[in-house]
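Hi everyone, thanks for making time. Let me put the structure up and then walk you through a few parts of it.

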Amino acid sequence: MTERSYSLLEAVNLALHRAMHDDPNVVLLGEDIGVNGGVFRATLGLREAFGLKRVMDTPLAENMIAGLSIGMAAQGLRPVMEIQFLGFIYAAMEQLVSHASRLRNRTCGRLSCPLVVRAPMGAGIRAPEHHSESVEALFAHIPGLRVVVPSSPARAYGLLLGAIDDPDPVIFLEPTRLYRMNPQPLIDDGRRLPLDSCFTLREGSDLTLISWGGALVETLQAAERLAERGIAAEVIDLASIKPLDLQTLEASARKTGRVVIVQEAPVSGGIAADICAALYERVWFELQAPIMRVCAPDIPPPLYRLEPLYMPEVGEILAACERVLDFG
Amino acid sequence: MQDLPFTRFLAANGQLASDAPAWSAESQPLQQLYRQMVLTRLFDQKIVALQRTGRIGTFAPALGQEAIGVAIGSRMQAEDVFVPYYRDSAAQLMRGVSMEEILLYWGGDERGSDYRAASAVQDFPVCVPIATQALHACGVATAFRIRGEHRVAVTTCGDGATSKGDFLEALNVAGAWQLPVVFVINNNQWAISVPRRIQCAAPTLAQKALGAGIPGEQVDGNDVIAVCERLDAALQRARQGKGPTLLECLTYRLGDHTTADDASRYRSEEEVRQAWREEPIVRLRTLLAGRGDWDEEREQALVADAQLRLQQAVERFEAIAPRAPEALFEHVYASWPQALAEQRETLLERLRRQATQGVAHD
């Protein structure tokens, strides 16, 4: 098997090729995903390889794409539906929340909904309005959904294959600013990654940095800066937003006693708050300092001239780390 | 705009038109439809009575709409897939959904949507959010098309549902992809308290199909022969790969929206009295009786037999104990996230604690 370098975007494409090749039930649908290969080219070449019946350009209606996927999934297909940008997903919320998430539960398992929603997420690519949202928390709140955010080509490949295999609906959010960053060698071996585990990207014993998606870029940079000062930060890629891998988070918090969570999304009602609460419930007595969050303020993602002010920033993460390290 | 077709063979006075389909000249098929319509109405009445006495939860009766559901149930093939709304027990019973399952569902138990009959096992459960089911039917039909199967998805909705985006999006994609799907509107004139005339300015709901490039037509929904006939044509078209059809069945909701509703708040007694003159069961009985194919003796035997079946179903339903508390956590995901296991344990621990303290959990 040949090994070459893939960007996260190419890894998504590779995983789709692999899944469609291995399982004739896997079908793709979305806007502009066929001849155009998707607006980011994530589905490039798939229509040519697998035909019009399995790679469907849909009419322009997000809710319809979701409703159709539910019907197909209930029939035993494995639809992978693309929402062109996460900021356009709200039209599909009723289908995803009222139906996809609960079809298994309300029929006692008679019907199920093994679909994957792929959507590009996040800010940082100077995109127009409504193209920069990070609303993973909206979906994490819904029982019956899984929410996954990859942050490297290898994890995108393995997690997407795992998501397509999973018998339940998975919201698979792809950080746009990582799409073409840092290609890495990848073997197309079809190996799935688990959907309920964090990934420890860097081990350390002085403090724990938890992040996911695009914000891991700044989080890893902050860890590097801390390392230069002799401070060993453990960096955890959450990857699975729902369900949370609390065992891994708890073990790391117990080990370091100091935790900073970095989230690109606005602070209120976010995943960082959920992690905070869970850790306080579990490791309160082993914590050496209050848990700190570095999040966006509670404002809409701004148009791109001021976008950098909205994004997580290394200095801000370092400042939070210092407060946590200085405590007690 | 072109006039849309409207089909009626059996008038409210029981007169059958001369151009009625050949099969309606025979006694057996009509008697079968009649029996099923009466069974549905008695089942409905039974559930309403159970609700009034606190033995079952809120229920949406199909009173007055029996012909549409019975036609659907009698015309679909077992291998087709039914994607119903919430006023569809007539068709569901004929698909093989059991009376106990319907009672369980409205009686607050998820097992009521776990249909056991082979002919219903792929059918969707009752859909409560309005019109969303139309898209599921299109997804099912897309799966048929991808696999090259000659099956049809049939979906129902009320007149109010035709105002929703899901309904229009479903028509649109069904037309664009020529999907094997049949849309049936139960236009019963009332969306809870909102009458048809202020639901939409279009003179018919069937014409919404034209904007999607698919055939739409109106049928007298209280004429079971007409509904069967037009459904046959729509099902055949779909099965032969000729695309979707929209049937607007004109009927009247003789009952309240649900047992939690009081329709006298918003519509006149006179209107309802008038609608009773049009209802579907009497007109078919008049036809059958006029032909000498039905009489009071048969009617009494039918009702007695149906009441016995209903009573037995109610007894079976009431003998089913509620699910164990841990069942709440089943079927949320196929495989259990650790967090859910912990939350289940928290609930069970609470119940154990209350049991030892002698506190009832309900």
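**Chain B, the contact, and one helix**

So, let's start with burial in chain B: of its 362 residues, 47% are buried. Keep in mind that this is a predicted model.

What is chain B built from? Its secondary structure is 12 helices and eight strands. Its radius of gyration is 22 Å, close to the 21 Å the globule rule gives for 362 residues, so chain B is as compact as a globular protein of that length. If you like box dimensions, the C-alpha trace spans about 75 × 50 × 40 Å along its principal axes. And if you take contacts in chain B between residues at least 6 apart in sequence, 74% of them join residues at least 24 apart.

Okay, on to where the chains meet. Chain A puts 37 residues into the contact, and chain B puts in 32 residues. On the chain A side, the elements giving two or more residues are H3, H4, H5 and H9 of chain A. Which one gives the most? That's H3(A), with nine residues. By type, the chain A side splits into 15 nonpolar, 15 polar and seven charged residues.

Now let's zoom in on H9(A), residues 246-256. Its buried residues are A:Leu246, A:Leu249, A:Ser252, A:Ala253 and A:Thr256. Looking down the helix axis, they fall within an arc of 135°, so they line one face of the helix. What do they pack against? From chain A, strands S10, S11 and S13 plus helix H10, and from chain B, helix H12. Right after H9(A) comes A:Gly257, with a positive phi near 75°.

Terms used. Residues are numbered from 1 along each chain as its sequence is written. Chains are lettered from A and ligands numbered from 1 in the order in which they are written. This is a predicted model: local features need pLDDT of at least 70, side-chain atom pairs count only at pLDDT 80 or more; totals for chains, interfaces and linings use all residues. Two residues are in contact if their C-beta atoms, placed from the backbone, lie within 7 Å. Helices (H or I, at least four residues) and strands (E, at least two) are DSSP runs, numbered from the N terminus. Ala, Val, Leu, Ile, Met, Phe, Trp, Tyr, Cys and Pro count as nonpolar, Asp, Glu, Lys and Arg as charged, and the others, Gly among them, as polar. The radius of gyration is taken over C-alpha atoms; the globule rule is 2.2 Å times the number of residues to the power 0.38. A residue is buried if 20 or more other C-beta atoms lie within 10 Å of its own, exposed if 12 or fewer, and partly exposed in between; C-beta atoms are placed from the backbone. The arc is that of the directions from the helix axis to the C-beta atoms.
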